[in-house]
Amino acid sequence: MSGNRQDKMATIVALCKRRGFIFQSSEIYGGLNSCWDYGPLGVELKRNVKEAWWKSMVSSRRDIVGIDASILMHPKVWEASGHLKGFTDPLVDCLLTKKRFRADDIEPQSGTVLHFTGAKDRESDAAITEPYSVLAKTPADFDKARKTAREFYQQRSIVKPELLGETTEEVENTTGFNPENGGKLTEARNFNLMFRTFMGPVEDASSTVYMRPETAQGIFVNFLNVQQASRMKIPFGIAQIGKSFRNEITPGNFTYRTREFEQMEMEYFVPPEEDENWYEYWKNTRFNWYLEYGIKKENIRLRDHEKNELAHYAKACVDVEYKFPFGWSELEGIANRTDFDLKQHSNSSGKSLALFDEETKEHMFPFVIEPAAGADRATLAFLIDSYDVEGEGKDKRTVLRFHPSLSPIKVASLPLVKRDGMPEKAEKIYNDLLSHSISSFLDINLSIGRRYARQDEAGTPYCITVDGQTMEDGTVTIRERDTREQYRVASDSVVECITSKLRNA
RNA sequence: GCGGGAAUAACUCAAUGGUAGAGUGUCACCUUCCCAAGGUGAUGGUUGCGGGUUCGAUCCCCGUUUCCCGCUCCA
């Protein structure tokens, strides 16, 4: 990881805080791990990202409808979906090397275990009574095992350890030792990635509920409700934007991996024999969506999952990856979930989620193609991708080159100087814009250059400037963020002009 | 969860075992007809938090929280 890349991330985190995009959660209390709050600019940006997604997936299509399911769902949902079982990883650590293993990945081993009760130093009074064991695999090499044990005690400040209380034990098919060095592993600890809480005032096992680790299940369990209410016929989709929660073992990289996050998911139900075509279709459609909203071609790619990488439900999966400063990372996964989920819920609930096929007169389970995107990840990617620094020294300019639809503020209304009625005129234009629900900003103080710079750093695509000529002929200038070019329009056509620019952007 | 590094004003950073400074920013007033101009003033910090050592700690020690890096994990 080069210094530059990390500098870029740090610079963006600082900019986000300074300009009000993203703050650390509960900062005055020292912060809360992996939790972030969106500030005034950040919330607009993220809303715009979600709106762009919703428009492209729902509003502009005849074949997709939306829902908003609750975060808490019946616990059996998570049994059926496989999350209750599959989301629990029993993990063990090597006491010597600290290397971590999944307990169920360790091959059973046989051999002789050497137990020690402790160690003392050969040249001082130092001693330690912590027990330790090493497995000497058949054919047993006891000297090597003892050497491992001495390393263990050396780590605990015994410089020249003499092992104490050695006993041996024959074992078969144990998984309690590190396959690489025979060293004892910790007890298995379960990491369930689902957040748990209690429904109602009594905290007992029967009231345990989970906060959803994905929004998809809310769609699957509502599949027939939605299909019947909206009279949809396959192929059709159900979309949802909402918060999900996962107790990630390692959160990090700013808002990239957090334990509370927002997903934009769509489940597209198709005839089983058409699954591969639709998979290709959504792969391309979703990839192009990022390009359409300004992500640079060289910073985005598709990466197919290897067979052994696939989730338990998936027949195929491809990631849309973005080149973050910390490396290529997933923005969105497009998966062929087959009929796994609908069948599971049908079996588990006893209520069939199959559709009746009028042609074949048979019940059938559609296959599901799922494009699942991270709203926070997409927001972060748009933020990073639009970040640009121009010029050097005094001419240096920081610009967020957002696609205009994503910009938190669309227009700033600025009087060139604070006199001759210019502030009043600028305020009138500002009010006009606001009355047309165009997100705008009025800035009167300080030099015009400074105010342009502030808007550049907020990613505002257009600045309206009221100058001397405005007072004579009623025209104002529109300044373009990316080129800094200016041209004049009649002040009473500003709203119309901006509206058309935003529509065509 | 392990190992390493860091934490001082809103941001970027200084400084010192004797209760902290600068630049930037922000605000007000003045000035200013086009890209972070200038002037004056103001705003700002229990030095992340909690203990300990000390006459005295931002500095030394311990713990803790958060962030970053590396493991590990990742539906």
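Colleague: Threonine 338 lies in strand β20. Why is threonine 338 called buried?

Modeller: The model is predicted, and the value is computed from it. Threonine 338 has a relative accessible area of 14%. Buried means under 20% relative accessible area, so threonine 338 is called buried.

Colleague: Which residues are in contact with threonine 338, leaving aside its neighbours within four places in sequence?

Modeller: They are Tyr313, Lys315, Pro366, Phe367 and Val368. Contact here means heavy atoms within 4.5 Å. Two of these names, Phe367 and Val368, recur in strand β23, where they lie on opposite sides and are both buried.

Colleague: What makes strand β23 mostly covered?

Modeller: Strand β23 spans residues 367-374, and eight of its eight residues are buried. One side carries Phe367, Ile369, Pro371 and Ala373, and the other carries Val368, Glu370, Ala372 and Gly374. Every one of these residues is buried, so by the cut-off of under 20% relative accessible area both faces of β23 are covered.

Colleague: How do you know that β17 and β23 pair?

Modeller: Pairing requires at least two bridges between the strands. Strand β17, residues 260-270, shares six bridges with β23, so the two pair, and they do so in the antiparallel sense. Phenylalanine 269 stands opposite valine 368 of β23. Strand β20, residues 327-338, is also joined to β23 by six bridges and runs antiparallel to it. There, glutamate 332 has alanine 373 of β23 as its bridge partner.

Colleague: Why is α2 called roughly perpendicular to α10?

Modeller: Helix α2 (residues 40-59) and helix α10 (residues 375-386) pack at an angle of about 110°, and their axes are 9 Å apart. Angles of 65 to 115 degrees count as roughly perpendicular, so α2 is described as roughly perpendicular to α10. The crossing of the two helices is right-handed.

Colleague: Which residues make the contact, and how are they divided by class?

Modeller: From α2 come Leu45, Lys46, Val49 and Lys50, and from α10 come Ala375, Asp376, Ala378, Thr379, Phe382 and Leu383. By class, the contact has six nonpolar, one polar and three charged residues.

Colleague: What makes β27 and β30 edge strands of their sheet?

Modeller: The sheet is open, has five strands with mixed pairing, and follows the order β27-β26-β28-β29-β30. Each of β27 (440-442) and β30 (486-490) has a single partner strand, so one side of each is left without a neighbour in the sheet. The twist averages 25° from one strand to the next. Strand β26, residues 411-415, pairs with β27 in the parallel sense over three bridges, and serine 413 has leucine 442 in β27 as its bridge partner.

Colleague: Which helices pack on this sheet, and at what angles?

Modeller: Helix α12 (residues 448-458) lies across β26, β27, β28, β29 and β30, at about 175° to β26. Helix α14 (residues 494-504) touches β26, β28, β29 and β30, and its direction makes about 165° with that of β28. Angles over 145 degrees count as roughly antiparallel, so α12 runs roughly antiparallel to β26, and α14 roughly antiparallel to β28.

Colleague: What is the strand order of the open sheet of three strands, and how is α5 placed on it?

Modeller: The order is β10-β7-β12, with antiparallel pairing. Its edge strands, β10 (132-137) and β12 (167-174), each pair on one side only. Helix α5 (residues 142-155) lies across β7, β10 and β12, running at about 155° to β10.

Definitions and conventions. Residues are numbered from 1 along each chain as its sequence is written. Chains are lettered from A and ligands numbered from 1 in the order in which they are written. This is a predicted model: local features need pLDDT of at least 70, side-chain atom pairs count only at pLDDT 80 or more; totals for chains, interfaces and linings use all residues. Side-chain values use heavy atoms; hydrogens and water are left out. Axes are lines fitted to C-alpha atoms, for helices over the stretch in contact, and angles run from 0 to 180 degrees between N-to-C directions. Helices (H or I, at least four residues) and strands (E, at least two) are DSSP runs, numbered from the N terminus. Angles under 35 degrees count as roughly parallel, over 145 as roughly antiparallel, 65 to 115 as roughly perpendicular and the rest as oblique. A crossing is left-handed if the near helix is turned anticlockwise from the far one by less than a right angle, and right-handed if clockwise. Ala, Val, Leu, Ile, Met, Phe, Trp, Tyr, Cys and Pro count as nonpolar, Asp, Glu, Lys and Arg as charged, and the others, Gly among them, as polar. Buried means under 20% relative accessible area, exposed over 50%, partly exposed in between (1.4 Å probe, protein chains only).
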